[in-house]
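Trainee: I have a structure open in front of me and would like to learn how to read it step by step. Could you guide me through it?

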Amino acid sequence: MGGIKVGTASWTDRTLLESGWYPPEADTPEKRLAHYASRFPLVEVDATYYAPPAERTAALWVARTPPDFTFNIKAFSLLTGHPTRVSALYADLRPATDKHTIYPADLPAAAYEEVWSRFLSALDPLVAAGKLGAVLFQFPPWFTLRRDNKQYLLEVRRRCAPLRAVFEFRHASWFAGDNRAETLDFLRRHELPYVCVDMPQGHRSSVPPVLAATADLAVVRFHGHSARWTSRDIHEKFGYRYSDRELREWAPKLRELAADAGQTHVLLNNCFRDYAQTNAATLATLLGAD
């Protein structure tokens, strides 16, 4: 069985800071990241979805964590086809528009290429330190199973190489009926790591909890089962605390998944107060994880 790393999708959430999970002496960003990294070997950086990181910030992450710590970076929203705030773009690449949000087609081709280049180059300090695990591409609900979208997955892999891109879908078409076999076969054939999810069902964005390793790295993200999944309030959307019973039921499934992968990353994304950190610690103990 390959190694399993367990972590959370944030260490800076406001409600986490208010929860008392951090000791009083962890009163600066540097001390909080160091405290988090003393408890977990892995974290997902969610903030990079909302605005691309600065290389200096990535260098600080490296300096504030142990040598064997791992960061997964969530891809900037523009690169996954989500609506992106104009103000989040690099200042010199912002188009002259009255729109508050834009899509890739709203940018000149050269500017779009430059966004890709700057986003990936900002991760250089993590790469040089051996601390970049993967770049997460979480696609929007309208990114359905069709030929041009499958080709875009290959384009993303090409653009990111030699960095490792991993892929999360938010539309049921990828796993409806016979599509499940087609999707997994495509991902395995091209060695594209699939991000397995546990999430509320019955919504447009719902994907079933299919556990499958399609490359050397397997990733599982736990989003919880909030009854307010469609809420615009992210704390209502992700404010779900897994019971110990639920986590015990997941442990053997995750071990089975890890048996098919070289490395498995398990991330708790139920980021409200200390829910994710508490659940991650419990799950890591159940798994005997790194």
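Mentor: We shall go from the sheet to the helices and then to single residues.

Mentor: Please keep in mind throughout that this is a predicted model.

Trainee: In what order do the strands of the open sheet lie, and with what kind of pairing?

Mentor: To read a sheet, one follows it from neighbour to neighbour rather than along the chain. Here the open sheet has eight strands in the order S7-S6-S3-S2-S1-S10-S9-S8, and the pairing is parallel. Strand S7 (165–168) and strand S8 (195–198) stand at the edges with a single partner strand each, so one side of each has no neighbour in the sheet. On average, neighbouring strands are turned by 25° against each other, when direction is ignored.

Trainee: How many bridges join S8 to S9, and how many join S9 to strand S10?

Mentor: Strand pairing is read from the bridges, and these give residues that stand opposite one another. S8 and S9 run parallel and are joined by four bridges, with Val197 standing opposite Arg221 in S9. S9 also pairs in the parallel sense with strand S10 (residues 263–268), over six bridges, and there Val220 stands opposite Val266 in S10. Elsewhere in the sheet, strand S1 (residues 3–8) and strand S2 (residues 42–45) run parallel and are joined by two bridges, while Gly7 stands opposite Leu42 in S2.

Trainee: Are the two faces of S9 covered or open?

Mentor: For a strand, one looks at the residues of each side in turn. In strand S9 (residues 217–222), six of its six residues are buried. Leu217, Val219 and Arg221 are on one side and Ala218, Val220 and Phe222 on the other, and both faces are covered.

Trainee: Now the helices: at what angle do H10 and H11 cross?

Mentor: For a pair of helices, one reads the distance between the axes, the angle, and then the residues in contact. The axes of helix H10 (residues 244–258) and helix H11 (residues 275–287) come within 9 Å and cross at roughly 50°, which makes H10 oblique to H11. This crossing is right-handed. H10 contributes Asp244, Leu247, Arg248, Ala251, Leu254 and Arg255 to the contact, and H11 contributes Asn279, Thr282, Leu283, Leu286 and Leu287. Sorted by class, the residues in this contact are six nonpolar, two polar and three charged.

Trainee: Which residues make the contact between H5 and H7?

Mentor: Helix H5 (residues 109–121) and helix H7 (residues 147–160) pack at an angle of about 55°, and their axes are 11 Å apart, so that H5 is oblique to H7. The contact is made by Tyr112, Glu113, Trp116 and Leu120 of H5 together with Tyr152, Val156, Arg159 and Cys160 of H7. By class, it has six nonpolar, no polar and two charged residues.

Trainee: Why is Glu249 called partly exposed?

Mentor: A residue is called partly exposed when its relative accessible area falls between the cut-offs of 20% and 50%. Glu249, whose place is in helix H10, has a value of 42% and is therefore partly exposed. Glu249 and Gly7 are 242 residues apart in sequence and 18 Å apart in space, C-alpha to C-alpha.

Trainee: Where does His190 lie, and which residues does His190 touch?

Mentor: His190 lies in the loop between helix H8 (179–189) and S8, and with a relative accessible area of 21% His190 is partly exposed. Leaving aside residues up to four places away in sequence, His190 touches Leu154 and Arg157.

How values were computed. Residues numbered from 1 in each chain as written. Predicted model: local features only at pLDDT ≥ 70, side-chain atom pairs only at ≥ 80, totals over all residues. Heavy atoms only, no water. Pairing = 2+ DSSP bridges. Axes fitted to C-alpha atoms, helices over the stretch in contact; angles between N-to-C directions. Parallel < 35°, antiparallel > 145°, perpendicular 65-115°, else oblique. Left-handed = near helix turned anticlockwise from the far one by under 90°. Contact = heavy atoms within 4.5 Å. Nonpolar A, V, L, I, M, F, W, Y, C, P; charged D, E, K, R; others polar. Buried < 20%, exposed > 50% of the residue type's maximum accessible area, 1.4 Å probe, protein only.
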